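Student: Could we go through a structure together, starting with how some helices pack and then turning to the empty space inside?

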Amino acid sequence: MLLKYAHLLDRTVRYLEVGSGRALILIHAFPLSADQWLPQLHRVPPGWRVIAPDIRGFRGVGQAYQDVGLETATMATHAADVLSLMNHLDVDKAVVGGLSMGGYVTLAVAKVAARRLDGLVLADTRATADTEAGRVAREAMVALVHSHGPEAVADLMVPTLLGATSAHDQPDLVEAVRTLILRNTPEAIASAAQAMKGREDMVGLLPGLTCPTLIICGAEDVLTPPADSEAMAAALPNVELVIVPGAGHLSNLEAPMAFTEALTRFLGRIS
Ligand code: MLT
């Protein structure tokens with residue numbers, strides 16, 4: 001496992017990298033960090049190079065640098081960040097995947113650079129924009145993180161991020177997810193909440209995405225329920241849908257073996 005820093009023109013990006021060969025980029029959920037992908041990074045299939053960057057601003061606590069542009073970042077910014085990192089690493093084409101917010105970023109990459117995709121992984125995510133109620137909740141989240149800090153965000157979110165089975169059976173995971181959240185600054189959390197609030201509806205993009213696509217969703221996901229994944233699967237032309245039993249929204253952490261097996265099978269089929 002390699003922890004690396006890419007020094008780009010205007011900012012430094014922290015990312016994790018394992019393996020060599022064809023590239024798989026994995027984008028994390030809100031409000032976590034690239035460390036979310038550690039279970040998958042420990043089981044990278046031969047012939048694959050997995051790269052997991054932090055979204056702009058994330059994993060900022062204790063870093064020697066402060067990320068830039070958080071006040072104005074949008075999903076398009078995060079997509080451009082993924083493409084800049086690919087350019088920096090000389091990766092022309094990759095399988096790009098993300099979980100939840102990472103899925104929103106993945107679809108934003110697909111919108112502007114479908115040519116550079118060997119495949120897509122959309123985990124516990126949706127293609128629709130926020131509803132009006134969802135936008136109001138984003139504003140409340142921004143106010144909460146500024147007034148009470150990431151601890152309050154963790155208190156609010158952990159019970160919905162994890163499925164009922166994991167919450168009951170995996171107390172260590174509950175703590176681990178909390179720890180991931182607390183490594184983020186209020187500025188990063190607020191920035192990402194604003195970017196998600198403003199994201200565009202990508203439903204119309206799906207029928208044109210012809211690359212192989214894997215959709216994974218925890219059966220107990222209450223934030224982006226399986227129905228959201230089924231709707232994306234119905235619209236995508238070249239898709240496989242996997243519902244993971246006993247997992248909630250953070251399916252890659254809650255059921256790491258099932259998630260990694262589905263991912264490995266999918267990568268094995270990419271020509
Ligand atoms: C995430 O897990 O990234 C978030 O729950 C996504 C969202 O709030 O829409």
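Tutor: What follows covers one helix pair and then the cavities. This is a predicted model, in which local features need pLDDT of at least 70 and side-chain atom pairs count only at pLDDT 80 or more, while totals for chains, interfaces and linings use all residues. Residues are numbered from 1 along each chain as its sequence is written, and side-chain values use heavy atoms, with hydrogens and water left out.

Student: At what angle do H4 and H6 pack?

Tutor: Helix H4 (residues 132-161) and helix H6 (residues 171-182) pack at about 140 degrees, with their axes 9 Å apart; helices here are DSSP runs of H or I with at least four residues, and axes are lines fitted to C-alpha atoms over the stretch in contact, with angles from 0 to 180 degrees between N-to-C directions.

Student: Which residues of H4 and H6 meet?

Tutor: From H4, Pro150, Glu151, Ala154, Asp155, Val158 and Leu161 meet Val174, Val177, Arg178, Ile181 and Leu182 of H6, where contact means heavy atoms within 4.5 Å.

Student: Switching topic, how many cavities of 30 Å³ or more are there?

Tutor: The count is two, a cavity being a set of points on a 1 Å grid over the protein atoms alone where a 1.4 Å probe fits but cannot get out, with lining residues having an atom within 4 Å of a point. The largest cavity holds about 90 Å³, and the second largest has about 50 Å³.

Student: Which helix gives the most to the lining of the largest one?

Tutor: Helix H2 (residues 75-88) does, with four residues; the whole lining includes His78, Asp81, Val82 and Leu85.

Methods. Helices (H or I, at least four residues) and strands (E, at least two) are DSSP runs, numbered from the N terminus. On a 1 Å grid over the protein atoms alone, a cavity is a set of points where a 1.4 Å probe fits but cannot get out, and a pocket is an open set with protein on both sides within 12 Å along at least five of seven lines; lining residues have an atom within 4 Å of a point. Grid points are joined across faces, edges and corners, and a volume is the space filled by probe spheres set on the points.
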